[in-house]
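This report walks through one protein model, from its overall build to a few chosen residues. Please keep the sequence and the 3D view at hand while reading.

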Amino acid sequence: MAEPILEVRNLKTGFYSKKGIFYAVEDVNFTLMPGRTLGIVGESGCGKSVTCLSMLKLLPERNSLIEENSSVRMHGEELTKKSRREMCKIRGNEIAMIFQDSMTSLNPVMTIERQMVEPFMVHQKLSRAEARRKSLDMLKKVGIPSPETKIKQFPHQLSGGQRQRVMIAMALSCNPQVLIADEPTTALDVTIQAQIVRLMKELQEKLDTAIILITHDLGVVAEMADEIMVMYAGNVVEKAGKRELFEEPLHPYTKGLLASIPSLAKDTDRLYTIEGVVPSLQDMPRGCRFCDRCEYSMPRCREENPALGRIQGREVRCFLYNEKQPKEGDI
Ligand SMILES: Nc1ncnc2c1ncn2[C@@H]1O[C@H](COP(=O)(O)OP(=O)(O)OP(=O)(O)O)[C@@H](O)[C@H]1O
Ligand SMILES: [Mg+2]
């Protein structure tokens, strides 16, 4: 059996504030195999980006911390203990990330050409002319119009969608073994979106790349992911194969998310919405974090946060199912 390329265990990440440490991500565990795609979904503020930024040690050092027993292993090698410098080498080479915010991740005072060409020269040892040719080719592939002109420009001279595509071109061109794509297609129109999804799939097929795909777009997840991890308020609340999850969501939050997808087939006047909002980090309930918004909540849900339990080969954090779990010591 193939070895996992990435294993994340007990990931717990917090931010310092005047009132103490608040955890944005807690008890996140997953394993990623080469050539597979894990989709991460959940409402805004649920900890999707923090999960991925923690894995790459990209959170600001001054106000964040990753708890001691958190572990992120790539090919069995622990990444949480690596220095910033070592991580720098791994990023953009073995692991590439497409960031949610294209403006902050491109360097505003460097032309696109400089930002694209140099990594090719450093990581793939190409000559400047070859690196330029490859860069132009990649820009064409992600649908940038007049790449010859655009490559000479600075990030602020491009539209948001174009910047996003430059970043995607840069991430894909380093042939990563792991690609983390945080809302890669949100700013793009549907035709370009389909093109980007196709490019990511091509890369995956060619190099057996493992992909972590964060998106609000359940359509993109349905197309790309093999497995889906649903996050709510910093916790994983459900993890299952794509088919199982779409056909039979277990967690009340997942049910709500899926029910909120507009459907042409369903003849309804109003779209379903999950009432309420995600609790803030400073104000996490003691019990289940979804409890206040859950139509199935029981008194116990207010008292303790259920653990992620295993049921029918999938994982769910909810007392509705955990009740049925065999307790330790049971046969
Ligand atoms: N640098 C930071 N300093 C302090 N708090 C932060 C920082 N980055 C994120 N957070 C907090 O961590 C929580 C999780 O944020 P995160 O960016 O992971 O959400 P997300 O699931 O990616 O949301 P979205 O879908 O809007 O991108 C939020 O409450 C956010 O305010
Ligand atoms: Mg995010």
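A disulfide is a pair of cysteine sulfur atoms within 2.5 Å. By that rule, this predicted model holds 0 disulfides. Cysteine 291 is in no disulfide, and the nearest cysteine sulfur, that of cysteine 301, is 5.5 Å away. Cysteine 301 is likewise in no disulfide, its nearest cysteine sulfur being that of cysteine 291. The cut-off is 2.5 Å, so a pair at 5.5 Å is not counted. Cysteine 291 counts as buried, with 5% relative accessibility, and cysteine 301 is buried too, with a relative accessible area of 8%.

**Overall build**

The protein has 331 residues, and a compact globule of that length would have a radius of gyration near 20 Å; the value here is 21 Å, which agrees. Along the principal axes, the C-alpha trace spans about 65 × 50 × 50 Å. The secondary structure comes to 13 helices and 13 strands. Buried residues make up 49% of the 331 residues. The exposed surface is about 17,100 Å², and carbon and sulfur atoms supply 51% of it.

How much of the contacts with a separation of 6 or more comes from residues 24 or more positions apart? Such residues account for 62% of those contacts.

The UniProt record, an unreviewed entry, carries the annotation "domain: ABC transporter" for residues 6-258. In the model, this span is 40% helix and 26% strand, and its end C-alpha atoms lie 28 Å apart.

**The magnesium site**

Which protein atoms are the donors of the magnesium ion (ligand 2)? They are OG of Ser49 and OE1 of Gln100, lying 2.0 to 2.3 Å from the ion. The two donors come from distant parts of the chain, 51 residues apart: serine 49 is in helix 1 (residues 48-55), while glutamine 100 is in the loop between strand 7 (95-98) and helix 3 (102-105). Serine 49 is buried, with a relative accessible area of 19%. The cut-off for buried is under 20%, so serine 49 falls within that class. Glutamine 100, with 44%, is partly exposed.

**Two further residues**

Isoleucine 180 lies in strand 8 (residues 178-182). Its relative accessibility is 0%, so isoleucine 180 counts as buried. Leaving aside neighbours within four places in sequence, isoleucine 180 is in contact with Cys52, Met55, Leu56, Ile95, Ala96, Met97, Ile98 and Ile212. Isoleucine 180 and serine 49, one of the magnesium donors, are 131 residues apart in sequence and 9.9 Å apart in space, C-alpha to C-alpha.

Aspartate 226 is found in the loop between helix 9 (218-224) and strand 10 (227-232). Is aspartate 226 buried or partly exposed? Its relative accessible area is 28%, so aspartate 226 is partly exposed. Leaving aside neighbours within four places in sequence, aspartate 226 is in contact with Gly35, Arg36, Thr37, Gly241 and Lys242. Aspartate 226 and lysine 81 are 145 residues apart in sequence and 29 Å apart in space, C-alpha to C-alpha.

The table collects the accessibility of the residues discussed.

| Residue | Relative accessible area | Class |
|---|---|---|
| Serine 49 | 19% | buried |
| Glutamine 100 | 44% | partly exposed |
| Isoleucine 180 | 0% | buried |
| Aspartate 226 | 28% | partly exposed |
| Cysteine 291 | 5% | buried |
| Cysteine 301 | 8% | buried |

Notes:
Residues are numbered from 1 along each chain as its sequence is written. Chains are lettered from A and ligands numbered from 1 in the order in which they are written. This is a predicted model: local features need pLDDT of at least 70, side-chain atom pairs count only at pLDDT 80 or more; totals for chains, interfaces and linings use all residues. Side-chain values use heavy atoms; hydrogens and water are left out. Donors are N, O and S atoms within 2.8 Å of the metal (3.2 Å for Na, K and Ca); water is not among the atoms, so sites may look incomplete. Helices (H or I, at least four residues) and strands (E, at least two) are DSSP runs, numbered from the N terminus. Buried means under 20% relative accessible area, exposed over 50%, partly exposed in between (1.4 Å probe, protein chains only). UniProt positions are given in the numbering used here, feature names are shortened, and annotations may be inferred rather than shown by experiment. The radius of gyration is taken over C-alpha atoms; the globule rule is 2.2 Å times the number of residues to the power 0.38. Contact means heavy atoms within 4.5 Å. Accessible areas come from the Shrake-Rupley method with a 1.4 Å probe; for residues, only the protein chains shown count as cover.
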